[in-house]
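Reader: I would like a close look at a single part of this protein, taken slowly and then set against the rest of the chain. Please keep the reasoning explicit where a classification is made.

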Amino acid sequence: MSGSRVSDTRAKAYEVIFFDLDGTLHLSGEPFPGLVDFINETAGVYGTTFVAVTNNTSMPPAQYQKKLIKMGLRHDAFQLCSPLSVLAAASVEDISRNIFALATQDVTAFLTEHGYETSNKRPDAVLATFDVEVDYAKLTAACNHLTAGAKLYSTHVDIRCPTASGFIPDCGALTHLLESVTSTKTDKDFGKPSDQMATYLRQKYLGADKRAVIVGDRLYTDIALGHAMGIDSVLVLSGEARSDDPGLEADSRPTFVHESFLTFLKAAYTPKESAPSVRSYAAV
Ligand SMILES: [Mg+2]
């Protein structure tokens, strides 16, 4: 398949844009040129709500938000959501709050602040996260709790996380380790593209008739979440997916394919001479 697959039709203007981070907003912490300024301007001029949706649970959402502000995103131009936001929501149902957290100190503190009992010696569940401070003692404790009958929760399913020096183990890898050692199956996860995340985003950001889209570089997380939420999706080719990806021909294909988040935004928010203005288009 050639690059002709890339959509050159004028994209719609949306009221809510959910977007992925690594491979979509930035690559290894370096934002794609021109993108941050365009988001700041679009949020300011059109009132578009931008929501960064990350599966990264190595730090609390507010800490990750600060990283994006350091990259140049204006603090009032976006909001950030991670599986930890879902876990912190009062609306999340049917989960135990008496847990053993396989998590960094900061994330454990975040969970405690949001109503989780994390110091109990007999937890009802083990929660695996992207614990970049994991050690053998914590893995042993997690396995012991699971063997004693605790449920297994996982913040997200990603096996590996891309870095400048290659892939490193992500939450999914730690979860698989716990599953295989203790013959336990994961009870729930809370990241892209889980139903828990889809429900949370719909309830928080989408009222009736809100026009929303999700932009990301992975078919099986970002685009799959778009399908789970029943909204449009844009696959960008600035990260993992390629224009000849077999997924583009499958039922799970995105609504649009663009070279990058910036080319999509420019198509959606820069009026062409022959096209109606974006304001009137958005009001349709
Ligand atoms: Mg990505």
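Author: S183 counts as exposed, because only 8 other C-beta atoms lie within 10 Å and the limit for that class is 12 or fewer. The model is a predicted one, and in it S183 sits in the loop between α6 (171-182) and β11. The phi of S183 is near 55°, a positive value in a residue that is not glycine. As background, most residues other than glycine have a negative phi, and most peptide bonds are trans.

A second serine can be set beside this one. S28 also has a positive phi, of about 50°, although S28 is not a glycine. The loop that holds S28 runs between β2 (26-27) and β3 (30-31), and S28 counts as exposed because it has 10 C-beta neighbours inside 10 Å.

The helix that leads into the loop of S183 is α6 (171-182), and E179 is found in α6. E179 is partly exposed, since 16 other C-beta atoms lie within 10 Å of its own. Leaving out residues up to four places away in sequence, E179 touches L152, T184, K185 and T186. Across the model, the C-alpha atom of E179 is separated by 36 Å from that of F78, a residue 101 places away along the chain.

On the far side of the loop comes β11, and the loop between β11 (186-189) and α7 (195-205) is the place of P193. The peptide bond that joins K192 and P193 is cis, with omega about 0°. Where does P193 stand with respect to the domain bounds? The protein is divided into domain 1 (6-85 + 193-280) and domain 2 (95-189), and P193 is the residue at which the second segment of domain 1 begins. S183 and E179, by the same bounds, fall within domain 2.

The relation between the two domains can be described with a few values. Their C-alpha centres lie 28 Å apart, and 13 residues of domain 1 are in contact with 16 residues of domain 2. On the side of domain 1 that touches domain 2, the residues divide into four nonpolar, eight polar and one charged.

P60 offers a view of contacts made at longer range. This proline is found in the loop between β4 (49-53) and α2 (61-70), and with 22 C-beta neighbours inside 10 Å it counts as buried, the threshold being 20 or more. Apart from its neighbours within four places in sequence, P60 is in contact with L84, D106, V107 and F110. By the domain bounds, P60 and L84 belong to domain 1, whereas D106, V107 and F110 belong to domain 2. The C-alpha atoms of P60 and P83 are 9.8 Å apart, although 23 residues separate them along the chain.

The interior of the protein can be followed from here. The largest nonpolar core has 71 residues, and those with the most contacts inside it are F19, V126, L127, V215 and F261. Helix α9 (residues 261-269) gives the most to this core, with six residues. Both domain 1 and domain 2 give residues to the core, so it lies between them. In general, nonpolar side chains in soluble globular proteins tend to be buried together.

Two of the core residues named above meet directly: V215 touches F261, and its further contacts beyond four places in sequence are I17, F19, D20, T24, V234, V236 and F264. Within α9, the buried residues are F261, L262, F264, L265, A268 and Y269. They cover an arc of only 160° around the axis, which means that they are on the same side of α9. A267 also lies in helix α9, but A267 is partly exposed, because 19 other C-beta atoms are within 10 Å. The C-alpha atoms of A267 and A13 are separated by 8.7 Å, although these residues are 254 apart along the chain.

Finally, the whole chain gives the setting for these local details. Its secondary structure comes to 10 helices and 14 strands, and 42% of its 284 residues count as buried. Among contacts between residues at least 6 apart in sequence, 70% join residues at least 24 apart. The C-alpha atoms fill a box of roughly 65 × 40 × 35 Å along the principal axes. The radius of gyration is 20 Å, which agrees with the value near 19 Å for a compact globule of 284 residues.

Technical notes
Residues numbered from 1 in each chain as written. Predicted model: local features only at pLDDT ≥ 70, side-chain atom pairs only at ≥ 80, totals over all residues. Core = buried A, V, L, I, M, F, W, Y, C linked by C-beta atoms within 7 Å. Helix = DSSP H or I, 4+ residues; strand = E, 2+ residues; numbered from the N terminus. Domains from an automatic or database assignment. Contact = placed C-beta atoms within 7 Å. Nonpolar A, V, L, I, M, F, W, Y, C, P; charged D, E, K, R; others polar. Arc of directions from axis to C-beta. Rg over C-alpha atoms; globule rule 2.2 N^0.38 Å.
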